[in-house]
Amino acid sequence: DHQILNEFVHCFFSIANIQLGFQSITNTGGAIEKLVQSLAYFEGSNQIKLLEMLAAMALISEAVHEEILEFLDPLMGPLLDILTSTTTETDQKEAVLTLLNALINRMEDAESST
């Protein structure tokens, strides 16, 4: 099952690199939820790719931003643990910060436009 999830992440990362792929992901019910949930199953480079992809998607679409926030809530504890861990690699911490920054910036952009 881990191998299937690994391939799932690689496929979604590739698909999300293009506009058509982004639209396909956002138009597929449950895709954002599954991507966010996948964060709990991966560490290292695959988790970094997911975090970066979710950050980009959050910045591109307000609707996706809202979905990511909703589904990320149960994973905030583990993500914050990554930031405070003394054994976590710097690039993994940077990826968590990239996602959090994207979520915060998108919220600030939405507030300033109202």
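What follows is a walk through the fold of this predicted model, from the whole chain down to a handful of residues.

Starting with the big picture, the protein is built from seven helices and has zero strands. Read from one end of the sequence to the other, that gives the pattern α-α-α-α-α-α-α. The radius of gyration comes out at 14 Å, close to the 13 Å that the globule rule gives for 114 residues, so the protein is as compact as a globular protein of that length. Laid out along its principal axes, the C-alpha trace spans about 40 × 30 × 20 Å.

On the surface side, the protein exposes about 6600 Å², with carbon and sulfur atoms supplying 54% of that area. Buried residues account for 38% of the 114 residues. As for how the chain folds back on itself, take the contacts between residues at least 6 apart in sequence: 66% of them join residues at least 24 apart.

One helix pair deserves a look of its own. Two packed helices are described by the angle between their axes and the distance between the axes. For helix α4 (residues 44–60) and helix α5 (residues 62–72), the axes come within 5 Å and cross at roughly 130°. The label for this pair is therefore oblique, because roughly antiparallel would take an angle over 145 degrees. On the α4 side the contact involves Leu54, Met57, Ala58 and Ile60, which meet Glu62, Val64, His65 and Ile68 of α5. Sorted by class, that contact has six nonpolar residues, one polar and one charged.

Glu62, one of the α5 residues in that contact, is partly exposed, with a relative accessible area of 29%. Glu62 also has a distant sequence partner to consider: Met107 sits 45 residues away along the chain, yet the two C-alpha atoms are 8.8 Å apart in space.

Moving to the loop between α3 and α4, this is where Leu39 is placed. Leu39 counts as buried because its relative accessibility is 4%, against a cut-off of under 20%. Leaving out residues up to four places away in sequence, Leu39 touches Gln47, Leu50, Leu51, Leu54, Leu72 and Leu75. Of these, Leu54 turns up again in the contact of α4 with α5. Lys93, 54 residues from Leu39 in sequence, has its C-alpha 14 Å from that of Leu39.

Next door in sequence, Ser38 belongs to helix α3 (residues 31–38). Ser38 is a polar residue by class, but at 3% relative accessibility it counts as buried. With residues up to four places away set aside, Ser38 touches Phe8 and Leu50; Leu50 is also among the residues that Leu39 touches.

Asn6 gives another buried polar case. Asn6 is found in helix α1 (residues 2–16), and its relative accessibility of 16% puts it in the buried class. Beyond residues up to four places away in sequence, Asn6 touches Phe42 and Asn46.

Finally, Asp81 sits in helix α6 (residues 76–84). At 49% relative accessibility Asp81 counts as partly exposed, since exposed would need over 50%. Lys93 shows up here as well: Asp81 and Lys93 are twelve residues apart along the chain, and their C-alpha atoms are separated by 9.7 Å.

Definitions and conventions. Residues numbered from 1 in each chain as written. Predicted model: local features only at pLDDT ≥ 70, side-chain atom pairs only at ≥ 80, totals over all residues. Heavy atoms only, no water. Helix = DSSP H or I, 4+ residues; strand = E, 2+ residues; numbered from the N terminus. Buried < 20%, exposed > 50% of the residue type's maximum accessible area, 1.4 Å probe, protein only. Axes fitted to C-alpha atoms, helices over the stretch in contact; angles between N-to-C directions. Parallel < 35°, antiparallel > 145°, perpendicular 65-115°, else oblique. Contact = heavy atoms within 4.5 Å. Rg over C-alpha atoms; globule rule 2.2 N^0.38 Å. Areas by Shrake-Rupley, 256 points an atom, 1.4 Å probe, with all protein chains shown as cover.
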